[in-house]
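Work through the exercises below with the model open beside you. Try each task before you read its solution.

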There are 2 protein chains.
Amino acid sequence: MAKIQSKRNSTKKEVIIEKASRLFREKGFGAASMRDLAEHVGVEAASLYNHIQSKSEILQTICFKVANEFMTNLEQVETSPQPTLKKMEAIIRLHIRMMLDQYEYVYIADHEWRHLPEPYLSNFLNQRRNYRKRLSDIIEGGIVKGEVKAIDPYTAVLVILSAISGIDSWQRSRKTTNAETLESNMVKYLIEGLKK
Amino acid sequence: MAKIQSKRNSTKKEVIIEKASRLFREKGFGAASMRDLAEHVGVEAASLYNHIQSKSEILQTICFKVANEFMTNLEQVETSPQPTLKKMEAIIRLHIRMMLDQYEYVYIADHEWRHLPEPYLSNFLNQRRNYRKRLSDIIEGGIVKGEVKAIDPYTAVLVILSAISGIDSWQRSRKTTNAETLESNMVKYLIEGLKK
DNA sequence: ATAATGCACTAACACTCGTTAGTAATTTTT
DNA sequence: AAAAATTACTAACGAGTGTTAGTGCATTAT
C-alpha cells in the first residue's frame with residue numbers, strides 16, 4: 001500500500017463512499033459533482049478513478065448496501081418464532097435505528113435510487129417491492145392468526161415505512177430530542193395502529 | 001396575444017409549469033434540463049425565457065403554490081369549531097387528496113425544495129416549520145382537552161405527514177387500488193393512533 | 001537492485017448546462 | 001395604416017459535467 005489511509009480500518013474506496021454519501025444527501029446525486037467530492041476527499045477529481053469506476057457505481061454501492069442490510073434482517077425476523085406484533089416492532093426498531101445512525105446511506109437509498117442506471121434500477125425496485133410484499137405478508141399472517149387488527153396490510157406497510165423515512169426532516173429540526181425517546185414514541189404510535 | 005394557447009384556459013407560462021412539474025418529479029430538479037422541458041412544451045429552449053425568468057423561478061412557483069394551499073386550508077380548520085379528532089381527520093384527508101390529484105406539485109414541494117435558492121429556501125422552510133408547529137398545537141390542544149391520547153404531538157405530526165407523503169411510492173406500484181379505499185384505510189390507521 | 005504495481009497529478013476531451021443577444025415574424029394597440 | 005408589443009427562432013457564451021490519457025513518484029514484490 002501507498003499513502004496514508006485517511007481513517008483507520010477503511011480503504012480509500014470506503015472513504016470516498018462515505019464522503020459521497022454525505023454529499024449526495026446534501027445536494028442530491030445529480031447536483032453533486034465529482035470535483036466536489038474530490039475536494040472533500042482531499043484529492044483531484046481524476047484520482048478518484050483509481051478507486052472507483054464511475055459516479056454511479058458509488059450510488060449502486062450505497063443503495064444495495066442498505067437494501068442488503070434490510071433484507072438480511074427481514075429474513076431473521078421472518079424465521080423467528082415471535083408473535084406478529086413483536087416481529088413488526090423489531091422491524092420498526094431496526095428501521096428507526098438504521099435511520100438514526102446510518103442516516104446518510106439510508107436517505108440516499110430512499111431518495112436517490114431514481115438515478116441508478118439500468119439494470120440496477122430494476123433490480124433495486126424489485127428488491128424493494130419484494131421487501132414490502134414480505135412485510136405485508138407478516139401483517140396479513142397476523143390478521144389471520146387474530147393477533148393484529150383487521151387493517152389493509154399494504155396500507156399499514158406504507159404508513160410504517162413512510163413514517164420512519166420521514167425522520168430525516170426530524171433530524172434536521174430537532175437535535176434536542178434524544179434518539180430513544182423518538183424511537184419509543186414512534187413505536188408506540190405505529191404499533192398501536194396494529195393492535196386489536 | 002400571439003400563437004395558440006396549447007390548452008384552453010391556461011397561459012403558456014402555466015403550461016410550462018405544468019410540464020416542468022412532471023419533468024422535475026421524474027428526473028429531479030437538477031437532472032431535468034431546460035432543453036428537455038422545451039421539447040415537452042414544443043418550443044426551443046431559449047423561447048421559454050419569454051415566459052419565465054429562470055429555471056428556479058419555476059421551482060419557486062410550484063413550491064409556494066403548494067405551501068399556500070396547505071396554509072389556507074389549515075387556517076380554515078384552525079378556526080372551525082370541530083373536535084380535535086375531526087380537525088385532524090380533515091387535515092389528513094386534504095393531504096391525501098392533494099397527494100392524489102396534485103401529485104406532481106406536492107411531490108416537488110416535498111422533495112425538491114432543497115434546490116430553492118435563497119432567500120426562498122429559508123422562507124419555505126420557515127413556512128413548513130410553522131405549519132408543523134401549528135399542527136402539533138392542534139394535537140396538543142386535543143390532549144389537554146382529553147380528546148386525544150397522550151402521545152408526543154411532534155411525533156404524531158411527523159408520522160402523519162410522512163405517511164401521507166409516502167403515497168407517491170404507492171401510486172406507482174398499485175394503480176389498481178382506488179383512491180377512496182386508500183384514503184379511508186389511511187385515515188383509519190392514522191386516526192386510530194390518536195384515539196384514546 | 002530491479003521490476004512491478006499503486007496512486008496522485010496535469011491536461012484535456014466531448015459534452016451538457018442555464019441563459020443572453022439579436023433578429024424576424026406575427027399580433028395587438030393606437 | 002403605423003407603432004408597439006409579444007414571441008419564436010438561431011447562434012453563441014462561459015461555465016461545469018463525467019471521464020480518459022499519460023506522466024512521474026513512491027511503495028511493494030521478486
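A residue counts as buried if 20 or more other C-beta atoms lie within 10 Å of its own, as exposed if 12 or fewer do, and as partly exposed in between. Keep in mind that this is a predicted model.

**Exercise 1. Describe chain A as a whole.**

Task: State what secondary structure chain A has, and what share of chain A is buried.

Solution. Start with the elements. Chain A has nine helices and zero strands. Read from the N terminus, the order is α-α-α-α-α-α-α-α-α. Next, take the extent. Along the principal axes, the C-alpha atoms of chain A fill a box of roughly 60 × 40 × 30 Å. Then apply the burial cut-off. Of the 196 residues in chain A, 33% are buried. Last, look at the contacts in chain A with a separation of 6 or more: 70% of them join residues 24 or more positions apart.

**Exercise 2. Classify A:Glu14.**

Task: Is A:Glu14 buried, partly exposed or exposed?

Solution. First find the residue. A:Glu14 sits in helix H1 (residues 12-27) of chain A. Now count its neighbours. There are 15 other C-beta atoms within 10 Å, so A:Glu14 is partly exposed. Finish with a distance. A:Ile58 is 44 residues away from A:Glu14 in sequence, and their C-alpha atoms are 9.8 Å apart in space.

**Exercise 3. Analyse a helix pair.**

Task: How are H3(A) and H5(A) oriented to each other?

Solution. Two packed helices are described by the angle between their axes and the distance between the axes. Helix H3 (residues 55-79) of chain A packs against H5(A) at an angle of about 100°. Their axes are 9 Å apart. Angles of 65 to 115 degrees count as roughly perpendicular. H3(A) and H5(A) are therefore roughly perpendicular to each other.

Now list the residues that meet. H3(A) brings A:Ile62, A:Cys63, A:Lys65, A:Val66 and A:Ala67. H5(A) brings A:Tyr105, A:Val106, A:Ile108 and A:Ala109. This contact divides into eight nonpolar residues, no polar ones and one charged.

Follow A:Cys63 further. Leaving out residues up to four places away in sequence, A:Cys63 touches A:Ile108, A:Ala109, A:Trp113, A:Leu116 and A:Phe124. A:Cys63 also belongs to the largest nonpolar core, which has 91 residues. Among the core residues that touch the most other members are A:Ile62, A:Cys63, B:Ile62 and B:Val159.

**Exercise 4. Locate the cis peptide bonds.**

Task: Which residues does a cis peptide bond join in chain A, and which in chain B?

Solution. In chain A, the bond joins A:Glu118 and A:Pro119, with omega about 5°. A:Pro119 lies in the loop between helix H5 (103-111) and helix H6 (120-144) of chain A. In chain B, the bond joins B:Glu118 and B:Pro119, again with omega about 5°. B:Pro119 is in the loop between helix H5 (103-111) and helix H6 (120-144) of chain B.

**Exercise 5. Relate the two chains.**

Task: How many residues of each chain are in contact, and what turn lays chain B on chain A?

Solution. Begin at the interface. There, 27 residues of chain B contact 27 residues of chain A. On the chain B side, helices H7 (153-165), H8 (167-173) and H9 (179-192) each give two or more residues. H7(B) gives the most, with eight. That side holds twelve nonpolar, ten polar and five charged residues.

Now superpose. A turn of 180° and a shift of 0.0 Å along the axis lay chain B on chain A with an RMSD of 0.1 Å. The two copies are thus related as by a two-fold rotation axis. Finally, compare the surfaces. The copies meet through the same surface, because 100% of the interface residues of chain B are also interface residues in chain A.

Notes
Residues are numbered from 1 along each chain as its sequence is written. Chains are lettered from A and ligands numbered from 1 in the order in which they are written. This is a predicted model: local features need pLDDT of at least 70, side-chain atom pairs count only at pLDDT 80 or more; totals for chains, interfaces and linings use all residues. Helices (H or I, at least four residues) and strands (E, at least two) are DSSP runs, numbered from the N terminus. Two residues are in contact if their C-beta atoms, placed from the backbone, lie within 7 Å. Ala, Val, Leu, Ile, Met, Phe, Trp, Tyr, Cys and Pro count as nonpolar, Asp, Glu, Lys and Arg as charged, and the others, Gly among them, as polar. Copies are superposed by least squares on the C-alpha atoms of residues with pLDDT of at least 70 in both. A nonpolar core is a set of buried Ala, Val, Leu, Ile, Met, Phe, Trp, Tyr and Cys residues joined through C-beta atoms within 7 Å. Axes are lines fitted to C-alpha atoms, for helices over the stretch in contact, and angles run from 0 to 180 degrees between N-to-C directions. Angles under 35 degrees count as roughly parallel, over 145 as roughly antiparallel, 65 to 115 as roughly perpendicular and the rest as oblique.
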